[in-house]
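Q: Could you take a close look at one part of this structure and describe how two of its helices meet? I would like a careful account that I can follow as a first-year student.

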Amino acid sequence: MSFKIKSNVYWVGKVDWELRKFHGNEYSTNRGSTYNSYLIKEEKIVLIDTVWKPFSKEFVENLSKEIDLSKIDYVITNHAESDHSGALPELMKKIPETPIYCTANGVKSIKGHYHKDWNFQVVKTGDTLDLGNGKQLIFVEMRMLHWPDSMACYLTKDNILFSNDAFGQHYANEFMYNDLVDQNELYAECIKYYANILTPFSAFVDKKIKEVLDLKIPIDIIATSHGVIWRDNPTQIVEKYLTWANDYQENQITILYDTMWDGTKRMAEAITKGIREIDKKVNVKLYNIAKTDKNDLITEIFKSRIILVGSPTIGGGILSSVAEILEMIKGMRFKNKKAASFGCYGWSGESIKVIKEHLEKSGFSVINDGIRALWNPDDESLEKCVEFGREIANTK
Ligand code: FEO
């Protein structure tokens, strides 16, 4: 499959409907993904990015039907992560001398992945490449969006921004344009992608977007490297990123817990009752961590102004599922969010302290010392949880 996007620009990537896990096991891709590669056929022929390694033979075979590979003048590698550079070894076997344009960090990353000394041409923000017919590619370094080597490039006259990972989503679809797909699905995948991949780099996102907007270049199309191509009001996703990058939160309290014999679960429900008594407008959501997709949990935390994390005490600590999500939370560097802990226990009861320490180290403003209940909570303990919920609801 290939198709024309505009003028002499073609999509030559791969739609991966089967993908269910990405970054090893770290990111669930319940709707698959796409690896978008682009071919520009002006007086000069340019290939922008490739696809993931398992599709490298298929990619090179399809590409050779689009263009005599020896006619490719330039390969642009916007980002070295192997979902985009994975077909380079297969491609460069056929065109070993063709220059690869990338950032200085890109050279390190590509060499680090493939240990090949290809014809690298280092570019930085503002550098240009003439393609003939009065068109140019302008390079923009996108450091930490989301790797040190990340880069975008802009095709003049056609006004296409090839943004690589930025503004993408893991969303397999055959329409390939933002206006043709289900808008709810698209939004869900965009915010999940931002929450899980870009949150730690929000300060860079905000600064870089403002820098690009200040250039006042017309953008007709944003051609990302995953999911849809933004052609209908393309800057809508840029505006979303600006919102998400600035300590985003909704009026949501998320209660995350795991439970052994339902004691901690019953505490979660009693806390919810207390919150609801005080505030009927706040969106309270409860998730059993062990039964929920961890990336969906990160997305819900991203949307929250307060999170409550619960675990019974086990072995002087917390359940492994809770430890896992706390470790993920730490890496996200969330800002401007409040938190508290809860959990039941049999004899030692350290869980609320352990969780509290994790949350503090992860940058949350911890509201109190948490609440714990001995054994299976009785009516009196549950009433204390309801009161705890009221206190949380009153926290502004
Ligand atoms: Fe889509 Fe950072 O790779």
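**Where two helices meet**

A: In this predicted model, the residues Tyr187, Cys190, Ile191, Tyr193, Tyr194 and Leu198 of helix H5 are in contact with Ile237, Lys240, Tyr241 and Trp244 of helix H7. Sorted by class, this contact between H5 and H7 consists of nine nonpolar residues and one charged residue, with no polar residue taking part. Helix H5 covers residues 183–198 and helix H7 covers residues 235–244, and their axes come within 11 Å of each other while crossing at roughly 45 degrees. Angles under 35 degrees count as roughly parallel, and those from 65 to 115 degrees as roughly perpendicular, and H5 and H7 are therefore described as oblique to each other. As for its hand, the crossing of H5 and H7 is right-handed.

To set this pair of helices beside another part of the model, one can turn to the strands. Seven strands form an open sheet with mixed pairing, and their order in it is S1-S2-S7-S8-S9-S10-S11. At the edges lie strand S1, residues 3–6, and strand S11, residues 120–122, each of which pairs on one side only. On average, neighbouring strands of this sheet are turned by 30 degrees against each other, if their direction is ignored. Within the sheet, strand S7 (residues 38–41) and strand S8 (residues 45–48) run antiparallel and are joined by four bridges; Lys41, for example, has Ile45 in S8 as its bridge partner.

Key: Residues are numbered from 1 along each chain as its sequence is written. This is a predicted model: local features need pLDDT of at least 70, side-chain atom pairs count only at pLDDT 80 or more; totals for chains, interfaces and linings use all residues. Side-chain values use heavy atoms; hydrogens and water are left out. Two strands pair if DSSP finds at least two bridges between them. Axes are lines fitted to C-alpha atoms, for helices over the stretch in contact, and angles run from 0 to 180 degrees between N-to-C directions. Angles under 35 degrees count as roughly parallel, over 145 as roughly antiparallel, 65 to 115 as roughly perpendicular and the rest as oblique. A crossing is left-handed if the near helix is turned anticlockwise from the far one by less than a right angle, and right-handed if clockwise. Contact means heavy atoms within 4.5 Å. Ala, Val, Leu, Ile, Met, Phe, Trp, Tyr, Cys and Pro count as nonpolar, Asp, Glu, Lys and Arg as charged, and the others, Gly among them, as polar.
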